[in-house]
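Me: I should like to understand the terms applied to aromatic side chains. Please explain each one by its cut-offs.

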Amino acid sequence: MERKQHFVLIHGSCHGAWCWYKVVNLLKTAGHQVTALDLGASGVDPKRLEEVTSFSDYLQPLMDFFASLPDEQDRKVILVGHSYAGLCISLAMERFPKKISVAVFIAAYMPHHNSPPGTLIQEDLELGKMLVRPSGLFVEDLVSGNLLTEEKFGSVDRVFIKLEGDKVMMEEFQQLMIQNSPKDVKVISEAGHMVMLSKPRELYRLLQDIGDNFS
């Protein structure tokens, strides 16, 4: 019998929880629990853009959510981040590693514990320009010190989903992220960047498979 999971879906820059609606419906129909969060000043989050002055402010809804979860072995969640949200879920992995069974990076920034997450943004200025949002990318916050450790962040299994045809996270950049040694790599063909809208069923099936393999 297929085990029911709790999926936590985190949107990329400039988007909101709304972008996952097709995948949320598919996962819930299959009996899974799903939480799609709006980060600071995103989607229907009540904060105004000018109130989100740091990466910590931007991440607050995600950190508050994890703080509210029970710390039980059989209640771990599958944490999914798209694009810029790879940095967001990485900080959650560092702070709450025992509450996450596996982290899924969908064409997302996937940092390594040996260097500050912000260096990934500095490596590709043109990509950064594509992803910039009115409140900024919080690069200064992300390059200040070693935010990730092998003991915590490194202890969480990671899966990278590569999106073919992505014009935002180009194939070369995704390959660079894959070099950061995820546990497994999946591929969705002809997906474009917004795979949750273009190929929701393919993404849903991959997430189910990942949940079965890493629970």
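Me: Why is Phe-173 called buried or exposed in this predicted model?

Reply: Buried means under 20% relative accessible area, exposed over 50% and partly exposed in between, with a 1.4 Å probe and protein chains only. Phe-173 has 6% relative accessibility, so Phe-173 counts as buried. The model is predicted: local features need pLDDT of at least 70, side-chain atom pairs count only at pLDDT 80 or more, and totals for chains, interfaces and linings use all residues. Residues are numbered from 1 along each chain as its sequence is written, and side-chain values use heavy atoms, with hydrogens and water left out.

Me: What makes Tyr-109 and Phe-173 an aromatic pair, and of which kind?

Reply: Rings of Phe, Tyr and Trp (its six-membered ring) pair if their centres lie within 6.5 Å; planes under 30 degrees apart count as stacked, over 60 as edge-to-face and the rest as tilted. For Tyr-109 and Phe-173 the values are 5.2 Å centre to centre and 85° between the planes, an edge-to-face pair. Tyr-109 lies in the loop between β4 and α4 and Phe-173 in helix α7, so the pair ties together parts that are 64 residues apart in sequence.

Me: Why is the pair of Tyr-84 and Tyr-109 called stacked, tilted or edge-to-face?

Reply: The ring centres of Tyr-84 and Tyr-109 are 6.3 Å apart and the planes stand at 85°, so this pair is edge-to-face.

Methods: Helix = DSSP H or I, 4+ residues; strand = E, 2+ residues; numbered from the N terminus.
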